[in-house]
Amino acid sequence: MKKQEPFFRRKNCRKDKYRNDDYKSDKCKSTLIDCGAAKKWILLAGNILAAWVILTLADAAASEIAYDIMYIKWDSLILTTCLYCVLDILFAACSVGLYARYVLKMEPGELYMGISQKCVIRQNIRWYMAAILLPVFLICFCILFTDGSLYRENLLAADLVYAICWSVSGALRCGFTDGIVLCGMVLGFMKNKWNCMETILISGVLFAVFHFGFPTEGFITEKMILMTATLFVMGMAFAAVTCATGAIWASVTMYSAFSMLYGRTYILNIDTERDFNAIWNYTMKNENWLIAGFSGADGVRVGLTVLLAFLVVLLAALLQLRHSEAS
């Protein structure tokens, strides 16, 4: 009696180099393709989870050390705020570096965090200029084309220094931590496994999910849709700029400048109501949610003007990517 071959040996799926057999099962091909796609998504989900853990733990550790330890010892809110910013960026960068080396088996330069010939500052100076001019353009648009009142708060010297320190440190902390973790670690991991447009689209979804928040006025469908669309376009724009320049630094500069100067900050608060004391307050009388977003929270940062501005940035970065691939 002929010995039966074990069931786990699939002859039709195995290529025998000693026989001229060109037969290969289509079912076997599709199974391998499906397994490869599933593995990509599982690895991506693992890296997204790791990114969330790094952002959460870095922020918690920096806050614990800065506020619960240093503030009690030094009793200086300005020093504590600066220390919180530095520690949060340092913890996020070190965590991503260790994760990249020992888990992803990649160097920091492979995660868009190095300095390569492609991302020399003088070759991408226009992106750094655009990063500074973007919030300035949005501020000018709000003041010139919306009805409102500009008011300067009479702050004491200590309060003025703290307002500037808090706005600058908060913007740098958000820009660098999000840039290192989302545009660096996650985007760098995806660049060799997905094509360019898939990578940018997934980055937009992740940015919207990580920064999503409900309006203070409650659930309003139109405003929630506007906020989701704005965050999605912003995330895609940051990812596209990172891919176009070869490093995270232009997108980090853009995000930091935007967070520092535009919207609800202690330097300039643009909103439909003045509910806290900033150095400058611009209170809009026009409460059209397409322009003003919604009162409180991120306010005008999720308005239609921001959506259109970052859409222009996204298209410009995609054009540069297309030109680079063509050349």
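How far apart are the end C-alpha atoms of helix α3, and what span should its 21 residues give at 1.5 Å a residue? In this predicted model, the ends of α3 (residues 125-145) sit 29 Å apart, and the expected span is 30 Å, so the two agree.

Helix α2 (residues 77-104) gets the same check: its 28 residues should span 40 Å, and its end C-alpha atoms are 38 Å apart, which agrees. Here are the two helices side by side.

| Helix | Residues | Expected span | End C-alpha distance |
|---|---|---|---|
| α2 | 77-104 | 40 Å | 38 Å |
| α3 | 125-145 | 30 Å | 29 Å |

Back to α3 for a moment. There's a bend of about 30° at Leu133, and a proline, Pro135, follows within four residues. Pro135 is also one of the buried residues of α3, along with Trp127, Tyr128, Ala131, Leu134, Leu138, Ile139 and Cys142. As a reminder, an α-helix has 3.6 residues a turn, so residues three or four places apart point the same way. That's handy to keep in mind when looking at the buried positions.

In α2, the buried set is Thr80, Thr81, Tyr84, Cys85, Leu87, Asp88, Ile89, Ala92, Val96, Tyr99, Ala100 and Leu104. Right after α2 comes Lys105, which lies in the loop between α2 and α3. Its phi is near 60°, a positive value in a residue other than glycine. Most residues other than glycine have a negative phi. As for the side chain's surroundings, Lys105 has a relative accessible area of 64%; anything over 50% counts as exposed, so Lys105 is exposed.

Now for helix pairs. Helix α5 (residues 196-210) packs with helix α9 (residues 304-326) at an angle of about 155°, their axes 12 Å apart. Angles over 145 degrees count as roughly antiparallel, and α5 and α9 are therefore roughly antiparallel to each other. The contact is made by Cys196, Met197 and Ile200 from α5, and Leu314, Leu318, Leu321 and Glu325 from α9. The crossing of α5 past α9 is right-handed.

Helix α4 (residues 157-190) and helix α7 (residues 249-261) make another pair: their axes come within 8 Å and cross at roughly 145°. This crossing is right-handed too. On the α4 side, the residues in contact include Ala171, Leu172, Cys174, Gly175, Phe176 and Gly179. On the α7 side, Trp249, Val252, Tyr255 and Met260 are among them.

Terms used: Residues are numbered from 1 along each chain as its sequence is written. This is a predicted model: local features need pLDDT of at least 70, side-chain atom pairs count only at pLDDT 80 or more; totals for chains, interfaces and linings use all residues. Side-chain values use heavy atoms; hydrogens and water are left out. Helices (H or I, at least four residues) and strands (E, at least two) are DSSP runs, numbered from the N terminus. The expected span of a helix is 1.5 Å times one less than its number of residues. The bend at a residue is the angle between axes fitted to the seven residues ending there and the seven starting there. Buried means under 20% relative accessible area, exposed over 50%, partly exposed in between (1.4 Å probe, protein chains only). Axes are lines fitted to C-alpha atoms, for helices over the stretch in contact, and angles run from 0 to 180 degrees between N-to-C directions. Angles under 35 degrees count as roughly parallel, over 145 as roughly antiparallel, 65 to 115 as roughly perpendicular and the rest as oblique. A crossing is left-handed if the near helix is turned anticlockwise from the far one by less than a right angle, and right-handed if clockwise. Contact means heavy atoms within 4.5 Å.
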